[in-house]
Structure formats: C-alpha cells, structure tokens
Amino acid sequence: MRRPFCVELFSKITRNGYSDTYANLFSPKSVFSSAIPKSTSNPFHQRSLSHYSTISRSHLWNLCTPNAVTGTMRNGGFRSFVLARMFFSNALLKGQGKFPATIRTRRFLHSFQSMDRGRRSVFRRFTVDGVVIGLITANVAVFILWKVADPTFMMKNFMISVDSFTSGRLHTLITNAFSHRDAFHLFGNMMGLYFFGTSIGRNFGPEYLLKLYLSGAIAGSIFYLAYHAFIAPSLQKEQMRGISSSKIPALGASGAVNAIMLLDIFLFPRNIVYFEMFIPMPAILVGIFIIGHDIWRAWQGETRVSGSAHLGGATVAALAWLRNRKGRFRRF
C-alpha cells in the first residue's frame, strides 16, 4: 500500500536532478526545523515541498523504502529509525491537503502507542512484593466487610451462582475471588498466594502475576457456573436435599490461587513442597494429589469445597505452562 502512495505523491515533482535541497532535507538541522522559529531562511515555512524539491523520481522512489531511510540514518542524518520515519513523513505531507485520512490514521496510531506506553509505565512501578501484598490486602478488606457490611449486599455482590450471574451481576465473576467468610479459608489461600505468588512474580514479573491471578479467578468462576448449570443437575445431589444447583453460591480465591500454585509446580516439579505446611513432598506429587482430589470432589457433587472452581484455575495453569514451553511466557 505504501508503494502506490509514493508514486502518486511524487508524480508532480520535477526531474531536474539532484540538488542542495536533497542534502538540506536530511541534514540534522532540518530534522529539528519544527522546533526553530519560522524565518525566511527556511523555505519549508513558506511553500510546500513540491515547489522546492528537485530530486529525481528514482531518488525519491528509493527514498520511500525502509532501507533508504535506514541508510540515511546510519550516514549521520538521523539518530534513530523512528525519528527518520516521522520527519520524512511530515516533510512529504507538508502543504499537501489530499491525504486527511492518512494523517488522522497516523494521529490515531500515535495516540494508541502513547496509551500503551502509559499502561506499561504504570506496571513498571509495581513490584512483586507490592502485587502480592496488594492482593492479600484486598482479600482481607473484603473479609472485614463481611463482618461490618449488610449481609444481603455482600451476598449479592461478592458471591457467585448461576442465578446471580443470569440476573446481570457479571462483576461477581471477579469479586467472589476476593471474598472469604471463614478465617481459616482466608488464611490457607493467602499463605499459598504469598509463597507461590512470590515465586511466580520473581520469575515472570508483577504484571504477569496479577494477570495470572485474575485469569484464574475468572476461569474458576466460569467452571463453577458451567458445572452447576449442566453437570450438577444430572448428579441429583442437591435436588435430593431440596436445593436447586443454580441457587448454590460460592466464594473464595481458591481458583486464582490454584492457577498460581499449580503453574509453579508445573514449572519446578522437583522442588520440595510442604504439603499441609508440615509434610515435605516433591512438588509434582502435590500437584497430582490436588488435581485428583478436585476431580473427585466434582464427581461427588461438591458438598463443601468446589472442585470445579479449582479445576478452572488448574486449566489456566496448564495453558500458561504450555505457553512457557513455547517461549512466550512473557506475554500472558
């Protein structure tokens, strides 16, 4: 698409051969001409490029290619390839009113790149300890809310169920993963988040750790909803007690923590892990036990602990491990 653009733009330029304008166009002085006050000594502030340029069409055609711009940069005209492209584009389009869509596209891309750089600069301020402590603090804060806030409000906004999700409370896909009502449940999840989350963060960075936690939370919620919408009714466990499976709520960070914990186990299967914080075992054996136990829980109907939500976190860990095997773990 760039080639026809160059042909149409340079068709109006004369063929008088090479002149001093070519040298002035790519001199370091002209690179910063936009920052210099307008004066009569600079012809670019008086007329468009097509009035003064005497470059031959062949020279201009070669100049359009990336190799030519790179070569000009290496010869001392520009210090960076990005600066060369920006200046060359601005110089050619100065005084030309035929390409408003192109100019708007360039401005949009520049704005999008600025937003992306801003987002990454925010994540650069994060540290691994900061992300881990922040997640733990958020979980503790919601735990305190259960003690002081309206229970009806907390059940509607910090627990997930099929009925709650279908009624429009989509935010519970994430908020339930920061919610605990039992102190022992909170303590166990936060211990796993602290030790395994610190390990993942040090290997892949704080941004990766945060994305992994949120991905495990969402996947755990989706697995829980799918299980109670399609699988649990066929098991007829809840119906025997007179409770519809679509009304059973759930909460807890187990799915998110499972994603972090199992990814660390998959990456370092020979590490020694203290099972139940007391029994030293190889990490791979602990991982096999956790996944097998969650499958058994789901098969038994999830009376107290949601094995389906845990399996959602395990699925995220497996996918992240496969991406790591392909060398793309930095882009989650």
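# Exercises on a predicted helical chain

The structure holds five aromatic pairs (rings of Phe, Tyr and Trp, the last by its six-membered ring, with centres within 6.5 Å; planes under 30 degrees apart count as stacked, over 60 as edge-to-face, the rest as tilted). This is a predicted model, in which local features need pLDDT of at least 70 and side-chain atom pairs count only at pLDDT 80 or more, while totals for chains, interfaces and linings use all residues. Residues are numbered from 1 along each chain as its sequence is written, and side-chain values use heavy atoms, with hydrogens and water left out.

## Exercise 1: Two aromatic pairs

Classify the pair Phe204 and Tyr208, then the pair Phe266 and Trp321.

Step 1. A pair of aromatic rings is described by the distance of the centres and the angle of the planes.

Step 2. For Phe204 and Tyr208, the centres are 4.9 Å apart and the planes make 40°, and the pair is tilted. Both Phe204 and Tyr208 are buried (under 20% relative accessible area, with exposed over 50% and partly exposed in between; 1.4 Å probe, protein chains only).

Step 3. For Phe266 and Trp321, the distance is 6.4 Å and the angle 65°, and this pair is edge-to-face. It links distant parts of the chain, since Phe266 sits in helix H16 and Trp321 in helix H18, 55 residues apart. Helices (H or I, at least four residues) and strands (E, at least two) are DSSP runs, numbered from the N terminus.

Step 4. Trp321 has a relative accessible area of 27%, so it is partly exposed.

## Exercise 2: The whole chain

How many helices and strands are there, and what share of the residues is buried?

Step 1. Count the elements: the chain has 18 helices and two strands.

Step 2. Turn to burial: of the 332 residues, 40% are buried.

Step 3. Look at contacts (heavy atoms within 4.5 Å): among those between residues at least 6 apart in sequence, 69% join residues at least 24 apart.

## Exercise 3: The largest core and H16

Find the helix that gives the largest share of the largest nonpolar core, and check its length.

Step 1. A nonpolar core is a set of buried Ala, Val, Leu, Ile, Met, Phe, Trp, Tyr and Cys residues joined through side-chain atoms within 4.5 Å. The largest one has 44 residues, and Leu193, Ile200, Leu212, Tyr213, Ile260 and Leu263 have the most contacts inside it.

Step 2. Among the elements that give two or more residues to this core are helix H9 (128-148), helix H13 (183-204) and helix H16 (254-267). H16 gives the largest share, nine residues.

Step 3. Check the length of H16. The expected span of a helix is 1.5 Å times one less than its number of residues. The 14 residues of H16 should therefore span 20 Å, and the end C-alpha atoms are 20 Å apart, which agrees.

Step 4. Check how covered H16 is: 13 of its 14 residues are buried.

Step 5. Follow one core residue: leaving aside neighbours within four places in sequence, Leu193 is in contact with residues including Val132, Tyr213 and Ile260.

## Exercise 4: Three polar side chains

Which side chains make polar contacts with those of Asn157, Ser164 and Ser306?

Step 1. A polar contact is a pair of N or O atoms within 3.5 Å; within protein, one must be able to donate a hydrogen and the other to accept it, and residues adjacent in sequence count only if both atoms are side-chain atoms.

Step 2. Asn157 belongs to helix H10 (residues 151-157), and its relative accessible area of 17% is why it counts as buried. Its side chain makes a polar contact with that of His171, at 2.9 Å.

Step 3. Ser164 lies in helix H11 (residues 162-166) and is buried, because its relative accessible area is 5%. Its side chain is joined to that of Arg169 by a polar contact of 3.1 Å.

Step 4. Ser306 is placed in the loop between H17 and H18 and is buried, because its relative accessible area is 14%. Its side-chain partner is Ser308, at 3.2 Å.

Step 5. Compare sequence with space: Ser306 and Ile295 are 11 residues apart in sequence, and their C-alpha atoms are 9.8 Å apart.
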